[in-house]
Amino acid sequence: MAAPTSRKFLGRLSLPERTFVIDALRAETVGGVILLVAAVVALILVNTPLSGVYGDVRDFSFGPQALHLHLSVASWATDGLLTIFFFAAGIELKRELVAGELRDPKAAALPVIAAICGMAVPALVYVIVSASGGGSLKGWAVPTATDIAFALAVLAVIGTALPAALRAFLLTLAVVDDLGAILIIAIFFTHRINVVALVLSVAALALFWLLLRKGVRTAWIYLPLAVVIWALMHASGVHATVAGVAMGLMLRCTVREGEERSPAERVEHRVRPVSAGVAVPLFALFAAGVPLSGGAMADVFTRPETLGVFLGLVVGKTIGVFGGSWCAARFTRAELNEDLAWADVFAVAALAGIGFTVSLLIDELAFPGDPTLAEEVKAAVLIGSLSAALFAGILLKLRNTKYQRLCQEEERDEDMDGIPDVYELDSPAYHLRMAAIHEAKAAEHRRLAEVAAANDSGDDGPA
C-alpha cells in the first residue's frame, strides 16, 4: 500500500483558482482604498469644527415608525448597508465551500483552524486583560474580526507583491472569519426574539430559495422580496445582516449547461461594487468618527476594555493565526511550500489584526447602553488596526524582494499564450513552442555571428 503523500501548505494554486483569487483581491483592494478614505474623512470631520454637522447628520432619523424602521442615519448604515456587505460575504462563502479552498475538508482544515484560533485567542486576550482590570467582558468579540478589504488596501499602499498562495490564504481566512462573525452576531447579540416576525422572515427566505430553484431571474421580484426578508429579520430581533448572509448562501455557484457564469457569479459581479464602493465606506463614514484627543488616545492604553481590544488585535490575532497554522501543519501531513518561510505566515497573521468594519459593528452591539465606552472602544479598534498594519507592513517589506521573485516566476509567460509557464511544464505542446522559440533565437544568433565574422575578416584585410 502506498504511503499517503503530504500536502503542500501555501502551495501553488490551480490556474482557475489563481485567476479567481487575483480578480477578487483586486476588487477588494479598490474597495479597501475607498474604505480607508472614508475612515480618514470621518476622523477629520469629527475632530474639526465640522463635528457638530457630522453629529447632526449621523443622528438624523427617518423611516416608517409603524414598521419599527424609524432609524438614525448611522443605524441605517449599520443595519441596512452592511446587509449588502454580508450578502456579498455569503456569496463568497458559498463559492469557497463549493469550488474554492473550503471544498476539500483536508485542504480546508488548515485555514479553518488558523481562522478559529485567530478568533479564539484575541477573545481570550480581551477577557484576561479586561477581567484583570475589573472591566466589562461584553466586548470580548470586538477583536475577533479581520477586515479583508482594509488589509488588502494596506497591501496596495505598501506595494508588496504577495505570492498568490499567501493572498489566497488571507482571503480564505477572511471568509471563515466572516462566518465566525456572523455566528457571533446571531448567537450572542440577539437578546429578544419576535417569533412571528422571525417565522415570517424564514418563510420569505424559503420563497427566495424556491424562486432560485425554479430558475427565476427577474431582479424586480428578488429586490422587493429581499427588502421584505431584511425588514422582517430586523423586526424579529435577530441582527438584520444575518438575512444578507442567508440569501447569499442560497445562490447557486455551479455552472450548468448553456451558462457562461453561475447565478452567484452574475449577482456578485453586480453587488460587489455597491458593497465595496458604497455600503461599507458609508458605514465607515458614520462609524469611524471618533474624537482622538490626547486624553482619548491615552485612555486606550489605560482602560481595561480598550487595552483588551488593542492587545487582542495586535497580539492575539497574530499569535492565534500563526499558532493555529503552525499547529495544524505540525500535526497533519501539510508541509510549508519550500519557496516560503514561517516568517511569511507570521507577517500575514499580523495583517489579520486589522479589524475594522465588523469590529466596529460588534462594538456597537456590545455596548448599546454605554455610548462613551463604545466610542473609546472604537478608538481602540482604529489604533489597534493601524498598529497591526504598520507591524505587518514592516514584516512584509523585509521579505519583499523574495515575494517579487516568486511573483515573477508565477507571471512568466515566455511562449506568450496567455497562460503562466509554471502551469504548462507538463504539456508537450508548451515545450515544443519553447523549442521553436529557442531555435529561432539560435538561428538569429548564428546569422549575427556570421555577419560579425565577415566584418572582422574585412577589417583585418590590407588598407
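Begin by selecting L311: leaving aside residues up to four places away in sequence, L311 touches V125, V129 and G316. The model on screen is a predicted one. L311 belongs to helix 12, which covers residues 304-330. With a relative accessibility of 27%, L311 counts as partly exposed. Add P122 to the selection and display the C-alpha atoms; those of L311 and P122 are separated by 7.7 Å, although the two residues are 189 apart along the chain.

**The whole chain**

Now zoom out to the full chain in a cartoon view. The chain holds 17 helices and four strands. Of its 463 residues, 48% are buried. Among contacts with a separation of 6 or more, 78% are between residues 24 or more positions apart. Switching to a surface view displays an accessible surface of about 22,200 Å², and carbon and sulfur atoms account for 66% of that area.

**Helix 8 and its surroundings**

Select residues 219-236, which form helix 8. This helix has 18 residues, and the distance from its first C-alpha to its last is 25 Å, close to the 26 Å expected at 1.5 Å a residue. Next, colour Y222, L225, I229, W230, M233, H234 and S236, the buried residues of helix 8. Which elements cover the buried residues of helix 8? The cover includes strand 3 (71-72), helix 3 (73-98), helix 7 (195-213) and helix 9 (241-250). Step past the end of helix 8 to G237, which follows the helix and has a positive phi, near 100°.

**A mostly covered helix**

Move on to residues 357-366, helix 14. This helix is mostly covered, with nine of its 10 residues buried. To see them, select T357, V358, S359, L360, L361, I362, D363, L365 and A366.

**A nonpolar patch on the surface**

For a contrasting view, return to the surface display and select L179, L183, I187 and F188. Together L179, L183, I187 and F188 make a nonpolar surface patch of about 380 Å². One of these residues, I187, lies in helix 6, which runs over residues 164-188. I187 counts as exposed because its relative accessible area is 56%, and the threshold for that class is over 50%.

**Salt bridges**

Show the charged side chains next. The chain has nine salt bridges, and three of them can be visited here in turn.

Start with R447 and E444 in helix 17 (residues 428-459), where they stand three residues apart, about one turn of the helix. Their side chains meet in a salt bridge, with 2.7 Å from N to O. R447 is partly exposed, at a relative accessible area of 41%, and E444 is likewise partly exposed, at 35% relative accessibility.

Elsewhere, salt bridges with shared partners join E92, E268 and R272 into one network. Select E268 and R272 within that network: the closest N and O atoms of their salt bridge are 2.4 Å apart. Both residues lie in helix 10 (residues 263-287), with their positions four residues apart, about one turn of the helix. E268 and R272 are both buried.

The third stop is K378 and E375, in helix 15 (residues 371-398) and three residues apart, again about one turn. The closest N and O atoms in the salt bridge of K378 with E375 are 3.7 Å apart. Is each partner here buried or partly exposed? K378 is buried, because its relative accessible area is 6%, whereas E375 is partly exposed at 24%.

Why can residues at such spacings face each other's side? An α-helix has 3.6 residues a turn, so residues three or four places apart point the same way.

**Cysteines**

Finish with the cysteines. How many disulfides does the chain contain? The count comes to zero. Select C327 and C117 for an example: the cysteine sulfur closest to that of C327 is in C117, and no bond is assigned because the two are 6.8 Å apart, too far for one. C327 is partly exposed, with a relative accessible area of 36%. C253, by comparison, is buried, with a relative accessible area of 14%.

Key
Residues numbered from 1 in each chain as written. Predicted model: local features only at pLDDT ≥ 70, side-chain atom pairs only at ≥ 80, totals over all residues. Heavy atoms only, no water. Patch = residues over 30% accessible without salt bridge, like charges linked within 9 Å, V, L, I, M, F, W, Y side chains within 5 Å. Areas by Shrake-Rupley, 256 points an atom, 1.4 Å probe, with all protein chains shown as cover. Salt bridge = Lys/Arg side-chain N within 4 Å of Asp/Glu carboxyl O. Helix = DSSP H or I, 4+ residues; strand = E, 2+ residues; numbered from the N terminus. Buried < 20%, exposed > 50% of the residue type's maximum accessible area, 1.4 Å probe, protein only. Contact = heavy atoms within 4.5 Å. Expected span 1.5 Å × (residues − 1). Disulfide = S-S within 2.5 Å.
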